[in-house]
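Reader: Could you take me on a close look at the salt bridges here? I would love to see how they sit in the fold.

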Amino acid sequence: MTAPTPDADGHTVSPDPSALVVDRRNSKVGVVMGHVGPYLQLRPPRGGLEWDVPPEDVRTPTPTEELSAKVAAANRRWRR
């Protein structure tokens, strides 16, 4: 398991698998799929290719980012 890291507000981010996080480098929201070596592997909520990100470069999503990601995932399930 990767060590927890603080977000911009000083809150601890626990990047466990299935956690929703934001890559600070590009502001992309992703779901933690796991980790390989020192990197977390994130996947877009709607599905797609995973990308690697150092755990210190993730933060918790804002309520707006979280809702948007969940709506996108639901729309994908319903093919909208």
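Author: Happily! Let us begin with a pair away from the solvent: both glutamate 65 and arginine 59 are buried, where buried means under 20% relative accessible area, exposed over 50% and partly exposed in between (1.4 Å probe, protein chains only). Their side chains meet in a salt bridge, 2.8 Å from N to O; the term stands for a side-chain nitrogen of Lys or Arg within 4 Å of a carboxyl oxygen of Asp or Glu.

A word on the source: this is a predicted model, in which local features need pLDDT of at least 70 and side-chain atom pairs count only at pLDDT 80 or more, while totals for chains, interfaces and linings use all residues. Residues are numbered from 1 along each chain as its sequence is written, and side-chain values use heavy atoms, with hydrogens and water left out.

A search of the whole structure finds four salt bridges. Another of them joins glutamate 66 to lysine 70, at 2.9 Å from N to O. These two residues are four apart in helix 1 (residues 63-77), so about one helical turn separates them; helices here are DSSP runs (H or I, at least four residues) and strands likewise (E, at least two), numbered from the N terminus. Glutamate 66 is partly exposed at 30% relative accessibility, and lysine 70 is partly exposed at 48%.

Glutamate 50 and arginine 43 also pair through their side chains, at 2.9 Å from N to O. Glutamate 50 is partly exposed, with a relative accessible area of 32%, and arginine 43 is partly exposed at 28%.
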